[in-house]
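Let's walk through this one together, one question at a time. Have the sequence and the 3D view open as you read.

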Amino acid sequence: MTQPVWLSERVQWIGAFDPGMRSFDIILKTPNGTTYNAYAVRGSEGVAVIDTVKAECAEQFFAHLEAVARYDEIKVIILNHLEPDHTGALPELMRRAPQAKLYISQSAQLMLKALLNRKDLDFTAVITGDTVSLGDRTLRFLHTPYLHWPDTQCTYLEEEFILFSGDVFGCHFCDKRLYNDKVGDFRFAFEYYYTHIMRPFREHVINALALIEPLTINIIAPTHGPILRDQPTRYIERYRELSAQRLQNEINAEEKTLIVFYISAYGSTTQMAEMIREGAEQVPGVRVSLYDMEGGDTDLFVDLVEDADGILVGSPTINGDAVKPAWDLLSSFAKINVRGKLAGAFGSYGWSGEAVRMLEDRLRGLKMRLPLEGVRIKLIPSLEELEQCRQYGLEAAEHLMGVNAPRVLEMADLLAARKQTTEELSVVTI
Ligand code: FEO
């Protein structure tokens, strides 16, 4: 069993090491394992425990905690985040320290009840700026939602300038030397964690940085990976860089970007893509890019998509489906926030032509905005059909620029349509 690690005279790491873990939340690779960092803060009027650990690692956590505090000294338990890797030991901690008051973010209330399945829970829900006093130590809360759950918050120890940041600034990297100036090179793990955990919530990262950057920070104490005591602001600056719009110097502020991705078996979908581009380029203020998925790389494409305002995806139908590169591209959208971006699909087909509708369903499932019905063309596009593609590109670009207002249905039109339908039905009945 390892010993607790002292961040200062009053602050100890009381977490757990999990060096054997090789994947986290199923989707994350963890070649170095991980740590579940929890902390104890001692004030003149009691001890606060900040976060706990995964249930399977509770033995380490309690051994570390017992080395620095008695259970009857614990006055405060703070949960910065309720995911089970940080709350697994909570029920047992509450049983051993029943007098301790529980502090969670306002957004965590329902989650906590669901997590513990208890109706008699007593807790305090806090918002940004609320504090809890341990006598000569004060803990202040910063609500940082969606980093990476709705409940997430950070806690700031005012007298020692320590930020207990939850998953923010964390990474899956298990090294028992624990401090960033002692452990091995963890840059890969830090960047990988940001990309897979924080990146889909880029706007929320920017909001959180606005709360964190004004603070004086001596140490960042995250819930995973190294404790950042050497130049901690470097990691804040890195989050700022990673969350920034990459395109900001390449396009004008008033321009919109539309990317047309396509892949083609015999050139028909390529022709469609080129005509869609031609149509879109007719709309002033739209910067159009054309990418053949066959020659590209999904990881690089997803960077483009993150900064784009609109995405059109073209795939032929082969064996009743869109082709794999198109699905790979769409599945990579889970890494970023595409909600509300304009989207559409197009493609040629031989006899059944399911690909376009299937892609559209997936794009809608991602909460993207599809103002136009996709274009499907059988085999080789005719001149009229190419003109249809050009018109599709033009209208998509107009929607992007807000030229095409949403169609307003007049009541008179609806009544007329209903009358016509009724007449058609009566003809059929007769
Ligand atoms: Fe480390 Fe989101 O749990």
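Q: How many salt bridges does the structure hold?
A: Start with what counts: a side-chain nitrogen of Lys or Arg within 4 Å of a carboxyl oxygen of Asp or Glu. This is a predicted model, where local features need pLDDT of at least 70, side-chain atom pairs count only at pLDDT 80 or more, and totals for chains, interfaces and linings use all residues. Residues are numbered from 1 along each chain as its sequence is written, and side-chain values use heavy atoms, with hydrogens and water left out. The number of salt bridges held by the structure is 28.

Q: Which residue forms a salt bridge with Asp-307, and are the two buried or exposed?
A: Helices and strands here are DSSP runs numbered from the N terminus (helices H or I with at least four residues, strands E with at least two). Asp-307 lies in helix H9 (residues 298-307) and its partner in helix H6 (residues 202-212), so the pair ties together parts that are 105 residues apart in sequence. The closest N and O atoms are 3.1 Å apart. By relative accessible area (under 20% is buried, over 50% exposed, in between partly exposed, with a 1.4 Å probe and protein chains only), both are buried, and the partner is Arg-202.

Q: Where does Lys-335 lie, the partner of Asp-299?
A: Asp-299 sits in helix H9, and its salt bridge with Lys-335 ties together parts that are 36 residues apart in sequence. Their closest N and O atoms are 3.2 Å apart. Asp-299 is partly exposed at 46% relative accessible area, and Lys-335 is partly exposed at 24%. Lys-335 itself is in the loop between helix H10 (324-332) and S20.

Q: Which residues do salt bridges with shared partners join into one network?
A: Arg-202 and Asp-307, the pair bridged at 3.1 Å, both belong to it. The full network is Arg-199, Arg-202, Asp-303, Glu-306 and Asp-307.

Q: In what order do the five strands of the open sheet run?
A: Two strands pair if DSSP finds at least two bridges between them. Strands of a sheet pair through backbone hydrogen bonds, either parallel or antiparallel. In this sheet the pairing is parallel, and the edge strands, each pairing on one side only, are S18 (286-292) and S21 (375-378). The order is S18-S17-S19-S20-S21.

Q: Which residue in S21 is the bridge partner of Ser-348?
A: Strand S20 (residues 342-349) pairs with S21 in the parallel sense over four bridges. Phe-346 has Val-375 in S21 as its bridge partner. In S21, Arg-376 and Lys-378 make up the uncovered face, while Val-375 and Ile-377 make up the covered one. The partner of Ser-348 is Ile-377.

Q: Why are H8 and H12 oblique to each other?
A: Axes are lines fitted to C-alpha atoms, for helices over the stretch in contact, and angles run from 0 to 180 degrees between N-to-C directions. Under 35 degrees counts as roughly parallel, over 145 as roughly antiparallel, 65 to 115 as roughly perpendicular and the rest as oblique. Helix H8 (residues 268-281) and helix H12 (residues 383-400) have axes 6 Å apart. They are therefore oblique, as they pack at an angle of about 45°.

Q: Which residue is joined to Leu-147 by a cis peptide bond?
A: Most residues other than glycine have a negative phi, and most peptide bonds are trans. Leu-147, in the loop between strand S13 (138-143) and strand S14 (153-157), counts as buried at 2% relative accessibility. Beyond its neighbours within four places in sequence, Leu-147 is in contact (heavy atoms within 4.5 Å) with residues including Val-168, Phe-201 and His-204. At the cis bond omega is about 10°, and the residue joined to Leu-147 is His-148.

Q: What is the phi of Asn-319?
A: Asn-319 is in the loop between strand S19 (310-314) and H10. Asn-319 is exposed, at 74% relative accessible area. Although Asn-319 is not a glycine, its phi is positive, at about 55°.
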